[in-house]
Amino acid sequence: MSLPTLSILIYHRVLASPDPLFPGEVDARLFERQLMLLKHFFTPLPLPQALQRLQDGSLPPRAACITFDDGYADNAQIALPLLQKHGLHATFFIASAYLDGGQMWNDKLIETVRHAPGPSLDLRPWGLGCLPVAKLAQRQAAIAQLLGQLKYLPFAQRETLARQIARAGHQTELMLSVEQLRQLQRAGMQIGAHTVHHPILAALPDHAAQQEIAAGKAQLEQWLQTPVTLFAYPNGKQGRDYGPCHVEMVKALGFTAALATDWGASRPGPELDLFQLPRFTPWDRGRLMFLWRLQQNLRQPPPGAN
Ligand SMILES: [Zn+2]
């Protein structure tokens with residue numbers, strides 16, 4: 001007999017309508033279709049409940065949880081009404097610096113490229129070349145190139161570069177307001193911490209990483225007036241984005257569980273690590289591919305087993 005499994009899905013944005021720049025991004029229609037598939041083929045549970053049942057041995061077969069990372073406004077505007085319509089629960093991991101009009105470094109670059117008048121975007125002053133943006137495919141390539149070039153730069157350098165590049169570009173408000181965050185909470189959704197500025201923790205000195213994790217938790221607790229006990233590592237790949245010392249920091253700060261982005265499913269037993277729970281990104285537009293990929297994800301070895 002196979003053990004019960006917990007699949008944890010990660011979402012970031014749920015767009016109101018498809019975005020030609022990101023044809024693979026989840027939009028409202030696709031999200032609703034995925035919710036219906038989850039209800040039909042899996043047992044969706046609130047994450048806190050699933051974690052409890054994982055530990056007390058009462059996890060149902062094919063349990064699934066929905067999570068969102070970063071704190072986009074469309075989580076409240078688009079995803080929340082669909083979750084409510086289907087009676088489903090989600091946990092939202094929020095990078096606290098960006099609420100009320102902030103913008104993450106990657107969105108600064110994306111929106112700058114999106115709105116660049118063209119035919120090229122001159123980033124030579126920052127050593128990033130002069131990127132052609134006349135065609136849609138060129139804008140997509142420019143975004144991919146810039147995100148790749150900046151992601152693993154030292155944190156302060158990444159933030160400064162993104163800010164300077166965006167200064168000449170276009171600012172779009174994409175993130176939740178504090179009021180929308182409270183709206184998610186009032187609707188019965190769970191809120192978790194995701195640091196203040198979404199740094200790659202492994203790229204920070206230890207004291208700064210600890211400060212990012214602690215201050216993000218404290219800020220959310222002040223806004224929500226409730227303990228925040230769940231954490232998601234930014235970018236979330238074990239060994240590359242965070243290490244054993246960050247797991248210890250998360251434990252010492254009083255979190256009860258933490259989520260990674262390495263693929264896989266959780267099972268009860270000695271290999272269960274509540275502070276490095278694997279997750280899964282469902283992006284497939286087709287029904288069969290979505291289910292096939294969820295199925296493949298259940299076959300991933302537990303983290304550290306390879
Ligand atoms: Zn994130």
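1. Let us start with a term: a residue is buried when its relative accessible area is under 20%, exposed when that area is over 50%, and partly exposed in between. Histidine 198 has a relative accessible area of 10%, so it counts as buried. Please keep in mind while reading that this is a predicted model.

2. Histidine 198 is a good place to begin, as its NE2 atom helps to coordinate the zinc ion. The other partners of the zinc ion are His194, also through NE2, and Asp70, through OD, with distances of 2.0 to 2.1 Å. If you would like to find these donors in the sequence, look for the spacing D-x123-H-x3-H. Histidine 194 is buried as well, because its relative accessible area is 1%.

3. Now for the overall picture. The protein is built from 10 helices and nine strands. Its radius of gyration is 19 Å, close to the 19 Å given by the globule rule for 306 residues, so the protein is as compact as a globular protein of that length. Along the principal axes, its C-alpha atoms fill a box of roughly 60 × 45 × 40 Å. Buried residues make up 52% of the 306. Take the contacts between residues at least 6 apart in sequence: 71% of them join residues at least 24 apart.

4. Next, the interior. The largest nonpolar core has 72 residues, and the members that touch the most others are Phe31, Phe68 and Leu83. Beyond its neighbours within four places in sequence, phenylalanine 31 is in contact with Phe68 and Leu83 themselves, along with Tyr11, Val14, Val26, Ala79 and Leu82. There is also a second, separate core of 18 residues, with Ile110, Ala116, Leu121 and Ile165 among them.

5. Helix H3 deserves a look of its own. It runs over residues 74–85, and at 1.5 Å a residue its 12 residues should span 16 Å; the C-alpha atoms at its ends are 16 Å apart, so the two values agree. Its buried residues are Asp74, Asn75, Ala76, Ile78, Ala79, Leu80, Leu82 and Leu83. They pack against two helices, H1 (28–41) and H7 (178–186), and two strands, E3 (63–70) and E4 (90–94). When reading such a list, it helps to know that an α-helix has 3.6 residues a turn, so residues three or four places apart point the same way. Just after H3 comes glycine 87, with a positive phi of about 65 degrees.

6. Serine 7 sits in strand E1, residues 6–11. Is this serine 7 buried or exposed? Serine 7 is buried, because its relative accessible area is 0%. Setting aside neighbours within four places in sequence, serine 7 is in contact with Phe42, Ala63, Ala64, Cys65, Ala265, Leu294 and Leu298.

7. Methionine 289 belongs to helix H10, residues 287–298. With a relative accessible area of 38%, methionine 289 is partly exposed. Its C-alpha atom lies 41 Å from that of alanine 208, and the two residues are 81 apart along the chain.

8. Finally, a word on the cysteines. How many disulfides does a search of the whole structure find? The search finds zero. Cysteine 130 is partly exposed at a relative accessible area of 36%, and cysteine 245 is partly exposed at 32%.

Notes: Residues numbered from 1 in each chain as written. Predicted model: local features only at pLDDT ≥ 70, side-chain atom pairs only at ≥ 80, totals over all residues. Heavy atoms only, no water. Core = buried A, V, L, I, M, F, W, Y, C linked by side-chain atoms within 4.5 Å. Buried < 20%, exposed > 50% of the residue type's maximum accessible area, 1.4 Å probe, protein only. Contact = heavy atoms within 4.5 Å. Donors = N, O, S within 2.8 Å, 3.2 Å for Na, K, Ca; no water. Helix = DSSP H or I, 4+ residues; strand = E, 2+ residues; numbered from the N terminus. Disulfide = S-S within 2.5 Å. Expected span 1.5 Å × (residues − 1). Rg over C-alpha atoms; globule rule 2.2 N^0.38 Å.
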